[in-house]
Amino acid sequence: MALPLSRCWRWTLGSSTGISLLNTVCSGNGRPAAIATASILSGDRLVNLASVKKFRSLSRDNFRSLPSSGSACTCSEVHSDAKIKDPFALAQKDLRNLYDDIKKEMFVSVAELKSLCDYYFDGKGKAFRPMIVVLMARACNLHSHRDGDLLPAQRSIAMISEMIHTASLVHDDVIDGSDIRRGKTTINNVWGERKAILAGDFILSAASMALARIGNNTVVAVLSQVIEDLVRGEFMQLGSKENENERFKHYLEKTFKKTASLIANSCKAVSILVSSDPEIHEIAYQYGRNIGIAFQLVDDILDFTSCANQLGKPSAADLKLGLATGPVLFACQQFPELHAMIMRRFGSSGDVDRAWQYVLQSDGVQQTLYLAQSYCQEAIRQISQLRPSSEREALIQLMGLVLSRDK
């Protein structure tokens, strides 16, 4: 059984933002909303599908009332007497020239290849991963009694994380045959699949060269794991499991490899550059792992609840690709007919529409939200072990932004 939160943390939260957010994701008696959230979600163990049904109900009104990226927290002070800021605003200084620097890393004389590689680095992305990396780097620096300024190598890791992420998007769009990404036509749809694959490969090669220049073998090994996980996760996505609990475990493991590994290992890498303490490395890794999985769970929810204009890509995209995400897997408990559809990857006529209706008639979306909340709660528990700072508080506040986003 997980301990009450106040007894789990080395440092206590000193802001009303952290407290109100914890009240949102915890039950009234101070215990985690899941039966054993902390113990289930720590390390690499995965939640059992049956236990998730025991999550405490959270109304959609509370869900929507969490902080949004458009407003900074109004809390008066934290332990360090530092003001809490919007996480994006706090990282803005270090990310101001991010996309220009990425383009410099990918300098090529061939005009067409340059156009392909620059296509998604147009400055219109959220830069969600680099923002987390920058805040984690600053939080770890301050925890280690240094000033909060980024080391050049830490900023390089933020840049590399965005390059690896974008390369994976390019390859994913080829694999999935996607036409729209971030509200614009995909690279494979403009230039064709062959050139898109080469562009993704080139972005990865540029990221690898930037990584090699950091000159830290441990960091190289940590970030190389990300590329391996991306490939393994894509292979996992091509398969499915007949047993219900195995299927859910398969889904969460795939989610980690395809989405969360990049954030987890990037956070770990910046901590390695400033501290030799393995415990700090693990805190950074676990924060990235948990927020990464929560982010993808919300993404899977939005595939059912947001319109295509909000998402910047077609809705019900996962069902059309034959993928059973969290909302579908939870809906199976109320609509067993979904099992057969999952095994044939929604390939029969009418499967996509019927599965869509089953999910909306079930509590699959709500249960997936509860699960995302529990991962956010564990991320808060992990990061709260670092010394108080504006950056640490921003990483806590980020949980609300992840849970309340609509695109």
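# Q&A: helices, rings and odd turns in a predicted model

User: Let's start with helix 20. Which of its residues are buried, and do they sit on one face or on opposite faces?
Analyst: In this predicted model, helix 20 has Asp351, Val352, Ala355, Trp356, Tyr358 and Val359 as its buried residues. Looking down the axis of helix 20, those buried residues fall within an arc of 165°, so they line one face.

User: Which exposed residues are on the face of helix 20 turned away from the buried side?
Analyst: To count as exposed, a residue needs over 50% relative accessible area. On the face of helix 20 turned away from its buried side, the exposed residues are Asp353 and Gln361.

User: And what covers the buried residues of helix 20?
Analyst: Think of other helices packed against that side, where contact means heavy atoms within 4.5 Å. The cover includes helix 15, helix 17, helix 18, helix 19 and helix 21.

User: What is unusual about the phi of Phe346, and is Phe346 buried or exposed?
Analyst: Phe346 is in the loop between helix 19 and helix 20. Most residues other than glycine have a negative phi. Phe346 isn't a glycine, yet its phi is positive, about 55°. Its relative accessibility is 5%, so Phe346 counts as buried.

User: Where is His145, and is it buried or exposed?
Analyst: His145 is another residue that has a positive phi without being a glycine, with a value of about 65°. You'll find His145 in the loop between helix 9 and helix 10. Its relative accessible area is 62%, and the cut-off is over 50%, so His145 is exposed.

User: Now helix 12. What span should its 22 residues have, and what is the distance between its end C-alpha atoms?
Analyst: Helix 12 runs through residues 193-214, and we can count 1.5 Å a residue. The expected span takes one less than the number of residues, which gives 32 Å for helix 12. The end C-alpha atoms agree with that, being apart by 32 Å.

User: Within what arc do the buried residues of helix 12 fall?
Analyst: The buried residues of helix 12 are Ala196, Ala199, Gly200, Ile203, Leu204, Ala206, Ala207, Ala210, Leu211 and Ile214. Seen down the axis, they line one face of helix 12, because they fall within an arc of 155°.

User: Which residues of helix 12 are exposed on the other side, and which helices help cover the buried ones?
Analyst: On the other side of helix 12, the exposed residues are Arg194, Leu198, Met209, Ala212 and Arg213. The buried residues have cover that includes helix 7, helix 8, helix 10, helix 11 and helix 13.

User: Which residue follows helix 12, and what is its phi?
Analyst: Right after helix 12 comes Gly215. The phi of Gly215 is positive, near 80°.

User: How many residues of helix 22 are buried?
Analyst: Helix 22 covers residues 390-404 and reaches 21 Å from its first C-alpha to its last, close to the expected 21 Å. Helix 22 is largely enclosed by the rest of the structure, because its buried residues number 15 of the 15.

User: Where is Thr186, and what does it touch?
Analyst: Thr186 lies in the loop between strand 2 and helix 11. Its relative accessibility is 0%, so Thr186 counts as buried. Leaving aside neighbours within four places in sequence, Thr186 is in contact with Tyr119, Tyr120, Asp173, Ser178, Asp179, Ile180 and Arg181.

User: Which rings cluster with Tyr119, and which charged residue sits over its ring?
Analyst: The whole structure has 8 aromatic pairs. Ring pairs join Tyr119 into a cluster with Tyr120 and Trp191. The charged end sitting over the ring of Tyr119, 4.1 Å from its centre, belongs to Lys184.

User: What is the distance in space between Gln286 and Ala264?
Analyst: Gln286 is in helix 15 and is buried, with a relative accessible area of 2%. Gln286 and Ala264 are 22 residues apart in sequence. In space, C-alpha to C-alpha, they are apart by 6.5 Å.

User: Finally, what percentage of the protein's residues count as buried?
Analyst: The secondary structure comes to 22 helices and 2 strands. Of the protein's 407 residues, the share that counts as buried is 58%.

Notes
Residues are numbered from 1 along each chain as its sequence is written. This is a predicted model: local features need pLDDT of at least 70, side-chain atom pairs count only at pLDDT 80 or more; totals for chains, interfaces and linings use all residues. Side-chain values use heavy atoms; hydrogens and water are left out. Helices (H or I, at least four residues) and strands (E, at least two) are DSSP runs, numbered from the N terminus. Buried means under 20% relative accessible area, exposed over 50%, partly exposed in between (1.4 Å probe, protein chains only). The arc is that of the directions from the helix axis to the C-beta atoms. Rings of Phe, Tyr and Trp (its six-membered ring) pair if their centres lie within 6.5 Å; planes under 30 degrees apart count as stacked, over 60 as edge-to-face and the rest as tilted. A charge sits over a ring if NZ of Lys or CZ of Arg is within 6 Å of the ring centre and within 35 degrees of the ring normal.
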